[in-house]
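Hi everyone, thanks for making time. I'd like to walk you through one structure today, so let me put it up on the screen.

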Amino acid sequence: MEKKTFVTKEQVEEIVKKYPTPFHLYDEKGIRENLKAIKEAFAWNPGYREYFAVKANPNPFLMKIMEEYGCGCDCSSYTELMLSDATGARGDAIMFSSNDTPAEDYVLAHKLGAIINLDDITHIDFLEKTLGKLPEKLSLRYNPGGVYTISNGIMDNPGDAKYGLTKEQLLKAYVILKEKGVKEFGLHAFLVSNTVTNDYYPMLARTLFELALEIKEKTGVSLSFINLSGGVGIAYRPDQTPNDIRVIGEGVRKVYEEVLVPAGLGDVAIYTEMGRFMTGPYGCLVTRAIHEKHTYKEYIGVDACAVNLMRPAMYGAYHHITVLGKENDPCDHVYDVTGSLCENNDKFAIDRELPEIAIGDYLVIHDTGAHGYAMGYNYNGKLKSAELLLKEDGSVQLIRRAEKPSDYFATLDCFDEYRALTERS
Ligand SMILES: *Cc1c(COP(=O)(O)O)cnc(C)c1O
């Protein structure tokens with residue numbers, strides 16, 4: 001499928017008058033349409049709720065939009081909890097799915113009334129000691145081990161993953177929780193990441209629904225919710241077919257009616273914790289070509305670097321690139337598109353066929369709305385970019401300013417000359 005940008009060259013030329021490149025730009029219209037589609041796809045389940053995985057894009061302006069559609073927040077750290085609280089998510093609108101969890105994070109999660117999802121059987125004791133008493137509602141994270149394969153060969157290796165309880169531990173843990181007075185129970189699993197197939201959730205649902213029956217039979221515990229977590233992917237590459245959330249929702253419904261309903265578990269609420277699917281395609285990184293270099297290869301140097309988008313450097317991930325205004329030009333040049341870090345993996349594309357790029361051209365790096373800005377860091381003293389929201393009416397709102405040198409130096413307030421440093425910036 002052809003990958004189109006949601007912003008034009010003319011729009012970018014207007015935006016840069018106020019906000020210089022590089023910046024992440026988000027598409028409000030796309031985010032809202034997707035939210036509507038998700039809501040409809042799972043409307044058959046009265047208890048359904050999407051808990052947006054905050055780590056994918058921890059911007060309160062975007063989180064607020066999601067709350068309008070009834071979404072909760074999925075958090076895994078103290079500051080993500082603070083952020084969710086600040087956007088108005090309260091009580092069971094917060095899912096706390098963390099691992100290797102510090103005690104103070106549990107304390108805050110409990111104070112906010114979040115649903116706590118335990119990553120290990122030892123955390124039952126840890127949580128009880130930390131809080132004095134277990135909450136009345138608790139969820140457990142399951143790891144089936146081995147290799148998990150779905151129809152089109154996409155798979156992951158839960159057996160190598162640090163997350164979750166084994167089945168034996170899980171069954172034991174529900175019994176312990178029940179004995180300790182827990183009244184409401186949930187089950188959670190995240191087995192495969194970035195699945196570009198409509199089969200993942202339905203497959204996972206079957207695994208978890210069948211397990212729910214076994215839990216009921218062996219422990220007497222009736223689950224009140226099953227959390228399919230994240231993992232619904234997006235089509236980063238033009239040759240991939242994007243997931244259809246309606247087909248996915250319908251697939252889960254079929255399994256629900258086949259497995260849960262006949263077993264008398266037809267009131268289980270389905271939760272999801274999608275991150276990538278919620279914002280990934282609705283964000284892009286806009287950057288400008290500032291150098292070209294011809295050595296053993298052809299290079300285009302842009303004003304963004306891996307600090308703004310780490311996925312290509314970290315995972316060799318593909319992000320599609322459009323040169324604005326040259327959408328219809330032939331891709332008859334082969335470039336490495338690089339950032340300025342002193343790291344040779346700081347490349348947004350390697351041997352990529354693109355139209356001829358001139359200095360000053362704007363490049364749109366696609367699908368940066370999730371795990372893009374959020375994974376940013378400050379290596380080489382590089383500063384993080386601004387985040388902008390392209391509103392439905394075509395206007396642009398600054399939803400996070402770019403970092404300044406004073407932000408970079410802010411944690412040096414133990415250094416006497418710190419004031420001089422920050423004042424200079
Ligand atoms: C990362 C994560 C998610 C979101 O995953 P996506 O692949 O972005 O949808 C959901 N739940 C948990 C516990 C996570 O760690």
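Let's start with H371, which you'll find in the loop that runs between β17 (362-365) and β18 (386-390). One thing to know before we go on: this is a predicted model. Now, what's odd about the backbone of H371? Its phi is positive, about 55°, even though H371 isn't a glycine.

H371 also takes us straight to the ligand. A polar atom in the H371 side chain sits 2.9 Å from an oxygen atom of the ligand. As for how covered the ligand is, on its own it would expose 380 Å², and the protein buries 91% of that.

Who else is around it? There are 14 residues around the ligand, and the ones that come nearest are K55, E273, G275, R276 and H371. Let me pick out two of those. For K55, an N or O atom of the side chain is 2.7 Å from an oxygen atom of the ligand. With G275 the backbone does the job: one of its polar backbone atoms is 2.9 Å from a ligand oxygen. If you sort that shell by character, you get 3 nonpolar, 6 polar and 5 charged residues.

Okay, let's zoom out a bit. Where does the ligand sit? The space it takes up is the largest pocket. That pocket holds about 1100 Å³ of space. It's lined by 44 residues, and closest to its centre are K55, F190, S193, R276 and H371. You'll recognise K55, R276 and H371 there, since they also came up among the residues nearest the ligand.

What's the lining made of? It splits into 19 nonpolar, 15 polar and 10 charged residues. In terms of elements, β3 (72-75) and α11 (311-315) each put at least two residues into that lining.

One last stop, back towards the start of the chain. Which form does the peptide bond from T21 to P22 take, cis or trans? It's cis, with omega near -5°. To find P22 on the screen, look at the loop between α1 (9-18) and β1 (23-27).

So, if you keep one picture from today, make it this one: a ligand with 91% of its exposed area buried by the protein, sitting in the largest pocket, with H371 reaching it through a polar side-chain atom. That's me done, happy to take questions.

Methods. Residues are numbered from 1 along each chain as its sequence is written. This is a predicted model: local features need pLDDT of at least 70, side-chain atom pairs count only at pLDDT 80 or more; totals for chains, interfaces and linings use all residues. Side-chain values use heavy atoms; hydrogens and water are left out. A residue is near a molecule or strand if one of its heavy atoms lies within 4 Å of it. A polar contact is a pair of N or O atoms within 3.5 Å; within protein, one must be able to donate a hydrogen and the other to accept it, and residues adjacent in sequence count only if both atoms are side-chain atoms. Accessible areas come from the Shrake-Rupley method with a 1.4 Å probe; for residues, only the protein chains shown count as cover. On a 1 Å grid over the protein atoms alone, a cavity is a set of points where a 1.4 Å probe fits but cannot get out, and a pocket is an open set with protein on both sides within 12 Å along at least five of seven lines; lining residues have an atom within 4 Å of a point. A molecule sits in a cavity or pocket if more than half of its atoms lie within 2 Å of its grid points. Ala, Val, Leu, Ile, Met, Phe, Trp, Tyr, Cys and Pro count as nonpolar, Asp, Glu, Lys and Arg as charged, and the others, Gly among them, as polar. Grid points are joined across faces, edges and corners, and a volume is the space filled by probe spheres set on the points. Helices (H or I, at least four residues) and strands (E, at least two) are DSSP runs, numbered from the N terminus.
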